[in-house]
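User: Please take a close look at one part of this model. I would like the helices that pack on a sheet, and the sheet itself, in one connected account.

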Amino acid sequence: MASHQGEVSTYLASLNIPTHEAGSLAPTSSSRKPLNFYIDMPEPDSPVDMDPQQAPDQQGRSAPAPYRANSSPIISHTEASTPTERTHLETPNIARSYGTLPTRRRGLSKSSTPRRNLSQLPTIPPLQRTRTSSFSHLPFTTSPFRDLSFARLSTRPISSYDEPLHTKDGIVSDADAKVNGIRVWYTSFTSIDWLHDAIKDSARFSKLRRRQSIRSRLRLAFDKSLGWIIVTIVGFLTAIVAFLVVRSEQLLFDMKEGYCLTGWWKARRFCCPTIDNGELGGTFFGASCLPWKTWSEVLSPRGGADKDSLVEYASYACIAITLAATSCLLTIYLTNSTTFVTRKESGSGSRSDNAKGAKSSAEPKRKVMFYAAGSGIPEIKTILSGFVIHGYLGGRTLFTKSVGLALSVASGLSLGKEGPFVHIASCVGNIVSRITTKYENNEAKRREILSASCAAGVAVAFGAPIGGTLFSLEEVSYFFPPKVMWRSFFCAMIAAITLKILDPFGTGKLVLFQVTYDKDWHAWELFPFVILGVIGGIYGAYFSKLNYHWSKNVRNKTFLASHPIVEVLLITLVTSVLCFLNPYTRMGGTELIYNLFAECRTGSRNTHSGLCIIDPGSFTQVWPVARSILVAMLVKAGLTVVTFGIKLPAGIFIPTLGVGACAGRVMGIAMQWIQTKHPNSVMFNACGGDMDCIIPGLYAMVGAAATLSGVTRTTVSLAVIMFELTDTLTYAVPVMLSVLVAKTVADALEPKGIYDLVIELNQLPYLDSKHEYLWGNLQINDVMYRDADVIRVDKKNTVSSLKAQVMSLTSSGSDDGGFPLVRKDINDDGYRMVGYIGLNELEHALALVSDDSQDEVQFHTAYSHPMASSSISSLQDSGVGTASSSLDPFDFTPYMDQAPLTLVNNSPMELVHQVFVKLGARYVIVTDTDGLYEGVIDKKTWLAFLTNLEEKS
């Protein structure tokens, strides 16, 4: 390391560059001398938001740049600035997309065969993304973060994704890893290679089991228990974050009306006395609470009733708008996707202003994601299916999501915090899993921890660890083997236990609307339960349709698209105006659901905000309550349609449960009124004269479950969550019946649930393994890419020629592709398939040898390269460049996948689909019946094909 620094210092002195600026080395405009070395350190970030490529070298030292055995280690001059492992190849500034369809690429021959049935595939709106231009002159830039303090880190290797599997005595050959090649880090908005990660973990585990010493056995035992340790930490930390969010939301929500004299940090439920064994009652509107001081009493102590109402109205609206605006600002400015630039994607920011201005006019408008906005469940589903979004589960997103969620829920908007808890728990799981290389360096293994984290998020949201495990299995996870289910259950249990001890609501319960009933249901009640299921299904289908069209045609095509803060302010103002006057819309979502679920007990002083009717047979007492509930239901339903999707943390669970609970409570009150009017009816004989045999709260719970099932299309997990909420299985049949009816009706009206529609709206590349397709007369030739650019291993391939091919591929927008390696068949005019190399791997390998643009690159296929068995990340990790090393950095064989998945062109379409779904393949090579190369199908092209097929059907 010292020798390299001395060489750099000597070279800088020759160029008259100050030594203190060695942290960012690039050609300056004043020197006019090109540099063959470029070191540009990224600004420090949290360990989680930092791209994995920024991780320090695992051996605790900086790896020198590789060079050939006969080359000099001294940095030399070239005609153009030469990149190192830090940079990418030169690519045009084109629109980057996380969608499914790459543009056309240059074919094998001059006369390319047009693709059939793909010309009308939907185009994908581009996502904001930048790539590094490695082979362009990079002007010198200064930064307070780029100085000599980071000089030691500037020469570390680009990637350590595949750690070396070798011993001190030599390289250990492993048959499983011998032909799959090595990988560099996955870049943002690409898919992972499930097969490679499975092979790599198998090779790593085999290495651990091969050793027989006591220390090795202890390491093996620790490795087996590491997953359990991580999920324990994840469950514990998730509960702590949920506790802080809930307590903060309670305080901020109540501060819209006043504050506590005994302590400003106390929410109203902790400031005022409680009754009925700690249950909330009498602390809401109209209840007396001496320690609680309203803003009208503070600002207008001698004003009249009208003036007090006006002061309360104004203070309520102003504080709500302030809270929502703060949450929106945090979301927009802290989790903007343009600020999450990974190390491999950075570098374009160092261009000169003139270069930026020259290319800005030619660049199309790029789509921007806000990582903390929404519930996060659609994106989590996409990530668990194998999609990579760097920063989405990072520390900055976790902080913004947690703080912004407390602010947005406290503002009184029609949204909930339960859905975003899944995103928060996934962030915690992603952070904790990075403490060990077993999960840090294996994206597939890390997704096992993320699945368990999702279960913990639902567990702290509803106090339902079993329901959380089933929710992760049914709705979120893509790969869910038995061991993941056990760990998910354990993680959810730890989270629930921790939250129970913390007691966020001060009631001894995990959630505020957790209730118990002491009466059974009757057979004749199945009919109203079915009606509630139908209502829930209709609402779920049309809510999803309306929200989809609002987001697509209003939010994304009007001035709101470029002014998200204005949209949040307008919706918050409308919500404050409409919700202030009605007590049931004014209270928080969890409080409303608690009161609607609650059972009215005879002799209790708790009226649950007037929902307990003294004389159920009196229409004059029943109608005002029912009317207020119906108004609250309509207002909540309408506001939720326009609120879900705005640029702040927002869940869909609580508003949906509230709407369904309102409908169920009204039906329960109506059934209670009918029984009072006709007590001797045959229908009520089962009551035996008991006038309290009908529980309106039970109808509210059934209606809430039906509505949520209609919106999200969850069934088993939702039913179990409701069982855990009521602490009994007595009402299992009513809940199951209403949930199944709601899902059936909703599927008939709208096949996709709200999460699937959000995925479609954002055009995330999610491959649904549960969806079935009708292939008809379609054949594999209808989707196969015949024009894919290939590398001829039987011809001379130089660094410059491969650079040109890489530029051609990246200019087409295909970040997830690669190059089939073929050779001319000696007995035929076709080409034999000999391997495959990914774009990232080839780009990385070229960056290491970019000094010699005319040197020939080798791809050996007749023998197994000794480095191919080690699953290392780059030639730097193997010590290439030392005097004793015989490995040639111009030999790209270690980066080759010598056993790519191959299908014959007469394979059925369902087989192709199962290869992508069940095996998690990134690409499939197509050959003819003689084994000659025909074309390639990558995952994004297949997704685009399925999207087009679904639209036509």
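**A sheet and its two helices**

Analyst: Helix α25, residues 799-811, lies across β5 and β7. Its direction runs at about 130° to β7. This is a predicted model.

Helix α26 is the other helix to look at. Spanning residues 839-848, α26 packs on the sheet and touches β5, β7 and β8. The direction of α26 makes about 75° with that of β8.

Now the sheet. Three strands build it, in the order β5-β7-β8. The sheet is open, and its pairing is mixed. β5 (791-792) and β8 (831-838) stand at the edges. Each has a single partner strand, so one side of each is left without a neighbour in the sheet.

The β7-β8 pairing can be followed in detail. Strand β7 covers residues 818-824. β7 and β8 pair in the antiparallel sense, over seven bridges. Within this pairing, Gly818 stands opposite Gly838 in β8.

Back to α26: how many of its residues are buried? The count is 10 of the 10, so α26 is largely enclosed by the rest of the structure. "Buried" here means under 20% relative accessible area. The buried residues include Leu839, Leu842, Leu846 and Leu848. Ala845 and Ala847 are buried as well. So are Asn840, Glu841, Glu843 and His844.

What covers these buried residues? The cover includes β5, β7 and β8. Helix α25 is also part of that cover. This is the helix that lies across β5 and β7.

A second sheet offers a comparison. It is open too, with three strands in the order β10-β11-β12 and mixed pairing. β10 (902-904) and β12 (933-938) stand at its edges, each with a single partner strand. One side of each is therefore left without a neighbour in the sheet. Neighbouring strands here are turned by 30° against each other on average, direction ignored. β10 and strand β11 (residues 923-927) run parallel and are joined by three bridges. In that pair, Leu903 has Val926 of β11 as its bridge partner.

Last, the nonpolar cores. The largest has 129 residues. Phe421, Phe462, Phe597 and Val735 have the most contacts inside it. Helix α20 (residues 653-677) gives the largest share of this core, 11 residues. Apart from it lies another core, of 25 residues. Among them are Leu767, Tyr773, Ile780 and Val917.

Technical notes:
Residues are numbered from 1 along each chain as its sequence is written. This is a predicted model: local features need pLDDT of at least 70, side-chain atom pairs count only at pLDDT 80 or more; totals for chains, interfaces and linings use all residues. Side-chain values use heavy atoms; hydrogens and water are left out. Two strands pair if DSSP finds at least two bridges between them. Helices (H or I, at least four residues) and strands (E, at least two) are DSSP runs, numbered from the N terminus. Contact means heavy atoms within 4.5 Å. Axes are lines fitted to C-alpha atoms, for helices over the stretch in contact, and angles run from 0 to 180 degrees between N-to-C directions. Buried means under 20% relative accessible area, exposed over 50%, partly exposed in between (1.4 Å probe, protein chains only). A nonpolar core is a set of buried Ala, Val, Leu, Ile, Met, Phe, Trp, Tyr and Cys residues joined through side-chain atoms within 4.5 Å.
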